[in-house]
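Welcome! Please take a moment to look over the sequence and the structure before reading on.

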Amino acid sequence: MCTNGINTGQFEMMIEQIDDHLKLERRWAHTLGHKAGDAGYETVSKKLHEAQAMIDDVRALLDEAKDALEDDAQAAGGVTVKLV
């Protein structure tokens with residue numbers, strides 16, 4: 001669906017691509033956090049786990065953005081296209 005010049009289906013897929021990328025980065029932060037902890041680098045481990053939690057927050061915001069996209073598209077006024 002295209003609303004106000006935005007292909008909402010494509011826009012949603014791009015948000016999902018960002019989420020997929022962050023999902024991978026979250027996994028790396030988690031894995032490296034445990035490796036650092038196992039090696040005795042407690043501060044590094046703590047910071048990586050904090051980063052992991054922040055990534056979780058960003059992913060939740062992306063979910064909210066997808067929901068808002070749907071709501072905004074339904075609320076947006078129609079677009080009139082005139083052939084010149």
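This report walks through a helix, its charged surface and some salt bridges.

## A predicted model

Please keep in mind that you are looking at a predicted model.

## Helix α2

A good place to begin is helix α2, which covers residues 42–75. Its 34 residues stretch 49 Å from the first C-alpha to the last, close to the 50 Å expected at 1.5 Å a residue.

Which residues of α2 are buried? They are S45, Q52, I55, L62, L69 and A73. Buried here means a relative accessible area under 20%.

## A negative patch

Now turn to the surface, where D63, E64, D67, E70, D71 and D72 form a negative patch. One of these residues, D63, lies in helix α2. With a relative accessibility of 42%, D63 counts as partly exposed, because that label covers values between 20% and 50%.

## A bridge between two helices

How many salt bridges does a search of the whole structure find? The search finds six. Among them is the pair K66 and E16, whose closest N and O atoms are 3.4 Å apart. This pair links distant parts of the chain: K66 belongs to helix α2, while E16 belongs to helix α1 (residues 8–38), and 50 residues separate the two. E16 is partly exposed, at 31% relative accessible area.

## Bridges within a helix

Other salt bridges join residues of a single helix. In helix α1, D20 and K23 are three residues apart, about one turn of the helix. Their side chains meet in a salt bridge, with 3.6 Å from N to O. D20 is partly exposed, with a relative accessible area of 45%, and K23 is also partly exposed, at 40%.

Helix α2 has a pair of this kind too: the side chains of K47 and E50 form a salt bridge, at 3.8 Å from N to O. Why are K47 and E50 separated by about one helical turn? The reason is that they sit three residues apart in helix α2. In general, an α-helix has 3.6 residues a turn, so residues three or four places apart point the same way.

Both partners are partly exposed: K47 has a relative accessible area of 48%, and E50 has one of 32%. The pair also belongs to a network of salt bridges that links K46, K47 and E50.

Methods: Residues numbered from 1 in each chain as written. Predicted model: local features only at pLDDT ≥ 70, side-chain atom pairs only at ≥ 80, totals over all residues. Heavy atoms only, no water. Patch = residues over 30% accessible without salt bridge, like charges linked within 9 Å, V, L, I, M, F, W, Y side chains within 5 Å. Areas by Shrake-Rupley, 256 points an atom, 1.4 Å probe, with all protein chains shown as cover. Salt bridge = Lys/Arg side-chain N within 4 Å of Asp/Glu carboxyl O. Lys, Arg positive; Asp, Glu negative; His and termini not counted. Charge placed at Lys NZ, Arg CZ, Asp CG, Glu CD. Helix = DSSP H or I, 4+ residues; strand = E, 2+ residues; numbered from the N terminus. Buried < 20%, exposed > 50% of the residue type's maximum accessible area, 1.4 Å probe, protein only. Expected span 1.5 Å × (residues − 1).
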